[in-house]
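Me: I should like to learn how to read the features of a protein model. Please take me through this one step by step.

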Amino acid sequence: VGSNVVVYASALSDKPPALDTSFALPLPRRERVSGGFSVSSRGGGLYADLNATVNDPRDTEKGYAGGGMLSLPKILGPVGFSMYGSYFTYAVNSGITASPSFDYRRGNASFRLGYEFLSNTGSAYTATAHGGTFRFSQNLSNRINWVVQATVRTGLHEQSTNGYSSFQIRF
């Protein structure tokens with residue numbers, strides 16, 4: 001069957017412009033070093049990605065993040081399964097996400113139903129939210145997709161619902 005392996009790395013250093021010029025507060029330089037690798041089978045039956053990031057690597061308070069994704073596009077014929085997870089920590093804050101989803105393809109259309117778990121912990125709080133997503137995508141031509149998506153998220157102090165429709169154009 002064979003597979004493709006991609007290894008990637010990046011380094012970023014920038015100083016963002018001040019957002020509020022009335023106080024003229026200087027914003028600190030942001031730095032990030034990241035890397036990872038991905039593996040995919042040539043037949044499209046598997047895709048996996050692992051990544052890691054260090055935020056502010058030269059600072060005494062570093063932030064760390066990591067994530068992973070596993071996708072089995074054809075686990076049950078036209079039904080696929082994907083799972084994404086991530087973790088971060090910075091000073092006294094930490095968080096985790098987990099997002100499994102199922103995809104179904106029929107002709108030029110695809111449907112996705114997913115669940116999302118988010119948890120963020122700080123020194124004085126813990127916030128947890130759960131969400132669900134429904135997504136429909138239809139290929140209108142070889143260059144244009146129509147996408148409709150609805151997302152609901154709920155937590156102790158959070159309740160949100162959003163929906164959108166868009167056209168994706170490939171050049």
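Me: Which strands each supply at least two residues of the lining of the largest pocket?

Reply: Strand 4 (63–76), strand 5 (79–90), strand 6 (93–106), strand 7 (109–121) and strand 8 (126–139) each do so. Strands (E, at least two residues), like helices (H or I, at least four), are DSSP runs numbered from the N terminus. A pocket is an open set of points on a 1 Å grid over the protein atoms alone, where a 1.4 Å probe fits, with protein on both sides within 12 Å along at least five of seven lines; its lining residues have an atom within 4 Å of a point. The largest pocket holds about 310 Å³ of space, a volume taken as the space filled by probe spheres set on the points. Its lining has 16 residues, and Asp103, Arg105, Ser110, Phe111 and Arg112 are the closest to its centre.

Me: On what conventions does this reading rest?

Reply: This is a predicted model, in which local features need pLDDT of at least 70 and side-chain atom pairs count only at pLDDT 80 or more, while totals for chains, interfaces and linings use all residues. Residues are numbered from 1 along each chain as its sequence is written, and side-chain values use heavy atoms, with hydrogens and water left out.

Me: How many helices and strands does the chain have?

Reply: The chain has ten strands and zero helices.

Me: In what order do the strands lie in the sheet?

Reply: Strands of a sheet pair through backbone hydrogen bonds, in either a parallel or an antiparallel sense. Here the ten strands form an open sheet with antiparallel pairing, in the order 1-2-3-4-5-6-7-8-9-10; two strands pair if DSSP finds at least two bridges between them. Strand 1 (3–14) and strand 10 (158–169) are the edge strands, each pairing on one side only.

Me: Over how many bridges do strand 1 and strand 2 pair?

Reply: Strand 1 pairs with strand 2 (residues 30–41) over twelve bridges, in the antiparallel sense. Ala9, for instance, has Gly35 in strand 2 as its bridge partner.

Me: Is Ser38 buried or exposed?

Reply: Buried means under 20% relative accessible area, exposed over 50%, and partly exposed in between (1.4 Å probe, protein chains only). Ser38, which lies in strand 2, is buried because its relative accessible area is 9%. Beyond residues up to four places away in sequence, Ser38 touches Asn4, Val5, Val6, Tyr8, Tyr47, Ala48 and Asp49, where contact means heavy atoms within 4.5 Å. Across the chain, buried residues make up 19% of the 171 residues.
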